[in-house]
Amino acid sequence: MSETNEIDLNKLHHIVLRETENDSIQEINPDFYRKLSDFIGDLKKQEFDGVENNIKKVIIDTATELTSLFINIRLEKISKSGNIYFQNLLDEEKFILDAEEERRERAEMILSATINGKSKFLESISQNHKTKTVVVRFLQEVDEIIGADLEKYGPFKVEDIATIPYENAQALITKNIATKVRWED
């Protein structure tokens, strides 16, 4: 690990460049994403006028692009490689991989149930998914709705937060009537 604890645009560029120049996932500070978040967050909080404000915006945009590139490069390395050095993965990257592993397991479960004639199991999965709940925040007023679970929900005002069935939440989210709330630990 060659970087120090503090992140700036030059160090971020160096880290991204080093990652692009190597085929393996590089070892970096375990607090990298948090330090980077602090750097960008602190920049966003600063108030400037005129040219200085324009420079701040360019620095934030550049840091955002470099961050996106960095994450995508590392995830692409992981997806193309059979032997991942998990000790070089950061906790945030492991979090992403957990979701991908869950997706693969679910796909295998559906395939297995389908080719082994387990239609009752598939029906159960389907029903459980339809009635799975999601927390949403309403962006518009909504009258009372009947959920996929046949329960009544609402009415809702703008900024109300509610737990509703997944199927109903998806319909509202697609129409920009609500947005999914992601609880941060």
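In this predicted model, four charged residues, Glu19, Arg74, Lys77 and Glu93, are joined in a network of salt bridges. One link in that network is worth a close look: Glu93 pairs with Arg74, and their closest N and O atoms sit 2.5 Å apart. Glu93 belongs to helix H4 (residues 91–115) and Arg74 to helix H3 (residues 50–80), so this pair, 19 residues apart, links distant parts of the chain. Both partners, Glu93 and Arg74, are buried.

Stepping back, the model has eight salt bridges in total. Here are three of them, with the distance from N to O.

| Salt bridge | N to O distance |
|---|---|
| Glu93 – Arg74 | 2.5 Å |
| Arg104 – Glu101 | 2.9 Å |
| Glu159 – Arg137 | 3.2 Å |

The second row of the table stays inside a single helix. Arg104 and Glu101 are both in helix H4, three residues apart, which is about one turn of the helix. How accessible is Arg104? Its relative accessibility is 37%, and because buried residues fall under 20% and exposed ones over 50%, Arg104 counts as partly exposed. Glu101 is partly exposed as well, at a relative accessible area of 35%.

Now to the third pair, where the side chains of Glu159 and Arg137 meet at 3.2 Å. Glu159 is found in the loop between strand E3 (152–153) and strand E4 (161–165), while Arg137 is in strand E1 (residues 133–138), so this salt bridge ties together parts that lie 22 residues apart in sequence. Glu159 has a relative accessibility of 48% and therefore counts as partly exposed. Arg137, with a relative accessible area of 26%, is also partly exposed.

Arg137 brings us to the sheet. Strand E1 takes part in an open sheet of three strands, ordered E4-E1-E5 with antiparallel pairing. Which strands form its edges? They are E4 and strand E5 (178–180), each of which pairs on one side only. On average, neighbouring strands in this sheet are turned by 45° against each other, direction ignored.

If you follow the contact between E1 and E5, you will find three bridges joining these antiparallel strands. Val136, for example, has Lys180 in E5 as its bridge partner. Helix H6 (residues 166–174) packs on the sheet and touches E1, E4 and E5. The direction of helix H6 makes about 120° with that of E4.

Methods
Residues numbered from 1 in each chain as written. Predicted model: local features only at pLDDT ≥ 70, side-chain atom pairs only at ≥ 80, totals over all residues. Heavy atoms only, no water. Helix = DSSP H or I, 4+ residues; strand = E, 2+ residues; numbered from the N terminus. Buried < 20%, exposed > 50% of the residue type's maximum accessible area, 1.4 Å probe, protein only. Pairing = 2+ DSSP bridges. Axes fitted to C-alpha atoms, helices over the stretch in contact; angles between N-to-C directions. Contact = heavy atoms within 4.5 Å.
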